[in-house]
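Me: Please take one part of this structure and look at it closely, following what lines any enclosed space there and what packs around it. I would like a careful account in connected prose rather than a list.

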Amino acid sequence: MRQLFNIMIILYSSATAYSRKVNPMPFKLIQSDITDLKVDAIVNAANASLLGGGGVDGAIHRAAGAGLLAECRTLGGCKTGQAKITKGYNLPAKYVIHTVGPIWQGGDKDEEGLLRSCYQSSLELAVEYKLSSIAFPLISSGIYGYPKDKAIKVAEAVIGEFLQRHELMVYLVIYNRRSFKLPEKTFTAINAFIDNRYVDEYRIFDRSEAHKVGMLYESKMIQTESVDEQASKEALRSLTDLMAELQETFSERLLRLIDLKGKTDVESYKRANVDRKLFSKIRSDKHYKPSKSTVIAFSIALELNLDETKDLLQKAGFALSRSSKFDLIIEYFINEENYDLYEINEALFAFDQPLLG
C-alpha cells in the first residue's frame, strides 16, 4: 500500500508540471460597461419608442452617436417582449438589438412571459444575422422594477435553453457588482460553510500540532497496512485495474465517466457550459490539460460526488483546498447535491470568484 501511495504521489506531481489553458465558455456572467464590449451585438433595454431614455438605453444612445437615433426613428417603435436590430455606429459592437422589457407590476401581468420573450427574440435575431457573440444587460431590472433575483433566473433559463440548440457566445452584463445579491438564505448558508472550513494557507502549526499530524498519519498508514490481505482482495479492485486507472489521463477519465453516467458528449459539454471546439480538443488529445474551472464544470455537468470530483481534478493536476473560497463554494454545492451550474456561477460571481466553464 505504501508503494501504491508513492506511485499516486508521483503521478499527481507529474500532472502538475503541464501548463494551464484558459478556455472559452458559451455563457458568462460579467461585470462591465456594456457599451465597451467588442462583441457582434449588444442588447439595449429600450423603451417602446426606441428613441433613447435613461439607464442603459441612454448610455447606449450616447455612446453610439446620432446615427443610432436616426436609424431608430425609421423602425416605428417596438412592442414589449419583441426586438429589433440596428447598426452599432460608434460602439465597439457591430449591432445593437433593441428589446422592450416589461414593467414589474407584482408578477401577475405576464411579466415573466414577456421578459422571456425579450431574451428569446433577441437571441433569434442573433442567429438570423449569423452573429457569434451577444451581450445582454439584466433586462427590466432597473427603473422597470423587475426584482433582480427573479430577472436573472429568467435570463439564465432562456439563454441556457437556447444554447442547448445553438452555438453562440452569450454574456450577461452586470454593471454594478454591489447591486447583485444572492437570496439571503443562500448567501448566509454559503458564508457559514466558508467560515467553518476556511483555513489560512499561511497558518503555521506549532511543533506539538505537527507532531500530532505526523502521529495521525503514521497511525492510519499502520492501520491500512495491517488490513487482512484476503479482505483487501475482496474489497478492492484488482491491482491491474487500479494501475490502469492511475495511468489514465484527464481526457480518458472524463470520457469514461461520460459513458458511465449515461450521458452524450453534446449533453455533457453543454451542461458544463463549455465550448464545442474545446470539447473536441479534449476528445482528440488524450494529454489535453484543462483549466481547473473546466474540470469542475464537467464534474458539475456529470453530477459527480465530492470524491469523484477530487479524483477527476487530480487527473488534471489539481486539488480542492480549504484555503480557497472558490473551492469551498464548489464543495458546498456538491455537498448540497445542487448541480445547477448557473446557480453556482451566481454564487461565485457574488463572492467575486472565477466562474465555471
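Reply: A cavity, as the word is used here, is a set of grid points where a 1.4 Å probe fits but cannot get out, and its lining residues are those with an atom within 4 Å of such a point. The volume quoted for a cavity is the space filled by probe spheres set on those points. The model is a predicted one, and the part chosen for the close look is the second largest cavity, with a volume of about 50 Å³, together with the helix that contributes to its lining and the neighbours of that helix.

The second largest cavity is lined by Phe27, Lys28, Leu29, Glu156, Tyr342, Asn345 and Glu346. Two elements, strand S1 (27-31) and helix H16 (341-350), give two or more residues each to this lining. Sorted by class, the lining comprises three nonpolar, one polar and three charged residues.

A search of the whole structure finds two cavities of 30 Å³ or more, and the other one belongs in the picture because Tyr342 lines both. The largest cavity has a volume of about 60 Å³, and its lining includes Pro26, Gly160, Leu163, Gln164, Tyr269, Lys270 and Tyr342. Helix H5 (148-163) and helix H11 (265-271) each supply at least two residues to the lining of the largest cavity. Six nonpolar, four polar and two charged residues make up that lining.

From the second largest cavity, helix H16 leads on to its packing partner, helix H15. Two packed helices are described by the angle between their axes and the distance between the axes. The axes of H15 (residues 325-335) and H16 come within 10 Å and cross at roughly 145°, and H15 passes H16 in a right-handed crossing. On the H15 side the contact involves Phe326, Ile329, Ile330 and Phe333, which meet Glu343, Ile344, Ala347 and Leu348 of H16. That contact has seven nonpolar residues, no polar residues and one charged residue. An α-helix has 3.6 residues a turn, so residues three or four places apart point the same way.

How H15 sits in the chain can be stated with some precision. Nine of the 11 residues of H15 are buried, so this helix is largely enclosed by the rest of the structure. The buried residues are Phe326, Asp327, Leu328, Ile329, Ile330, Glu331, Tyr332, Phe333 and Ile334, a set that includes two charged residues, Asp327 and Glu331. What covers the buried residues of H15 includes helix H6 (184-197), helix H13 (292-301), H14 and H16.

Between H15 and H16 lies a loop, and glutamate 337 has its place there. Its phi is near 55°, a positive value in a residue other than glycine. Glutamate 337 is exposed, with a relative accessible area of 65%. Leucine 50, in the loop between strand S2 (41-46) and helix H2 (55-64), also carries a positive phi, near 65°, but leucine 50 is buried, with a relative accessible area of 0%.

Beyond H16, the segment that follows holds leucine 356, which is buried, with a relative accessible area of 0%. Leucine 356 and alanine 297 are 59 residues apart in sequence, yet 5.5 Å apart in space, C-alpha to C-alpha.

Helix H14, one of the elements that cover H15, takes part in a further helix pair. The axes of helix H10 (residues 250-260) and H14 (residues 306-315) come within 8 Å and cross at roughly 145°, and H10 passes H14 in a left-handed crossing, whereas the crossing of H15 with H16 is right-handed. In the H10 and H14 pair, Phe250, Arg253, Leu254 and Leu257 of H10 meet Asp311, Leu312 and Lys315 of H14. The residues of this contact divide into four nonpolar, no polar and three charged.

For the setting as a whole, the protein chain has 16 helices and six strands, and of its 357 residues 43% count as buried. Among contacts in the protein chain between residues at least 6 apart in sequence, 71% join residues at least 24 apart.

How values were computed: Residues are numbered from 1 along each chain as its sequence is written. This is a predicted model: local features need pLDDT of at least 70, side-chain atom pairs count only at pLDDT 80 or more; totals for chains, interfaces and linings use all residues. Side-chain values use heavy atoms; hydrogens and water are left out. On a 1 Å grid over the protein atoms alone, a cavity is a set of points where a 1.4 Å probe fits but cannot get out, and a pocket is an open set with protein on both sides within 12 Å along at least five of seven lines; lining residues have an atom within 4 Å of a point. Helices (H or I, at least four residues) and strands (E, at least two) are DSSP runs, numbered from the N terminus. Axes are lines fitted to C-alpha atoms, for helices over the stretch in contact, and angles run from 0 to 180 degrees between N-to-C directions. A crossing is left-handed if the near helix is turned anticlockwise from the far one by less than a right angle, and right-handed if clockwise. Contact means heavy atoms within 4.5 Å. Buried means under 20% relative accessible area, exposed over 50%, partly exposed in between (1.4 Å probe, protein chains only).
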